[in-house]
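Me: I would like to go through this model with you and ask how some of its descriptions are justified.

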Amino acid sequence: MGSAVEVRSDYSAAALRQFARRCGDADQVRRLLALAEILDGRSRGEAARTAGVTLQIVRDWVLRFNADGPDGLATRKAPGKAPLLSDIQRARLAAAVEAGPIPAVHGVVRWRLIDLAQLLWDEFGVSVTRFTLGRELRALGYRKLSARPRHRGQKPEDITDFKKPSQPAWRTSGATSRRERR
């Protein structure tokens, strides 16, 4: 059976309680008070029951306290998932979007998400889904835009020939002219 991890001795139980009074984080206060009980000479099992946690969690608190002091017991934000693309890859992606595809090289005339994902795979060996790539591009400030379709043979002078004429100017109906006569 292993021995208990010693709590650092540069803080007293009274100092931890004083720090807990000034602290605004309720979870940090609970952790500080549990460690203050240990420094008072109570068992770690009693401190765990008082805090409503297991012995393993109290041990983790002791390790955090030994490493960083009372500030180490503050509630920390979880780090979350690491980003798929590095800053260099994002910069290359933005440069490719700005430059546009070269049909002879890339085999496409406009970028699709799947084409950009293939570009990232070819250059960096990073596999990215089109949904993730869409979120990355949106975070870079790009939006999905599509131009109004136009036939390549369309001529501007033909457009005027096929446009519908506008409605004739509205005339007053006979009902208003009858009211004026009364």
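**Surface, fold and one helix pair**

Me: How much area does the chain expose, and what share of it do carbon and sulfur atoms supply?
Reply: In this predicted model, the chain exposes about 14200 Å², and carbon and sulfur atoms supply 53% of that area.

Me: What makes a residue of the chain count as buried, and what percentage of the residues do so?
Reply: A residue counts as buried when its relative accessible area is under 20%, and 27% of the 182 residues of the chain meet that cut-off.

Me: How many helices and how many strands are there in the chain?
Reply: The chain has 10 helices and 0 strands, and its pattern, read along the sequence, is α-α-α-α-α-α-α-α-α-α.

Me: Why is helix 2 called roughly antiparallel to helix 3?
Reply: Helix 2 (residues 26-39) packs against helix 3 (residues 44-51) at an angle of about 155 degrees, with the axes 9 Å apart. Because angles over 145 degrees count as roughly antiparallel, helix 2 is described as roughly antiparallel to helix 3. The crossing of these two helices is right-handed.

Me: Which residues of helix 2 and helix 3 meet, and how do they divide into nonpolar, polar and charged?
Reply: From helix 2, R30, A34, E37 and I38 meet R44, E46, A47, T50 and A51 of helix 3. The residues of this contact divide into 4 nonpolar, 1 polar and 4 charged. Ala and Ile count as nonpolar, and Glu and Arg as charged.

Conventions
Residues numbered from 1 in each chain as written. Predicted model: local features only at pLDDT ≥ 70, side-chain atom pairs only at ≥ 80, totals over all residues. Heavy atoms only, no water. Helix = DSSP H or I, 4+ residues; strand = E, 2+ residues; numbered from the N terminus. Buried < 20%, exposed > 50% of the residue type's maximum accessible area, 1.4 Å probe, protein only. Areas by Shrake-Rupley, 256 points an atom, 1.4 Å probe, with all protein chains shown as cover. Axes fitted to C-alpha atoms, helices over the stretch in contact; angles between N-to-C directions. Parallel < 35°, antiparallel > 145°, perpendicular 65-115°, else oblique. Left-handed = near helix turned anticlockwise from the far one by under 90°. Contact = heavy atoms within 4.5 Å.
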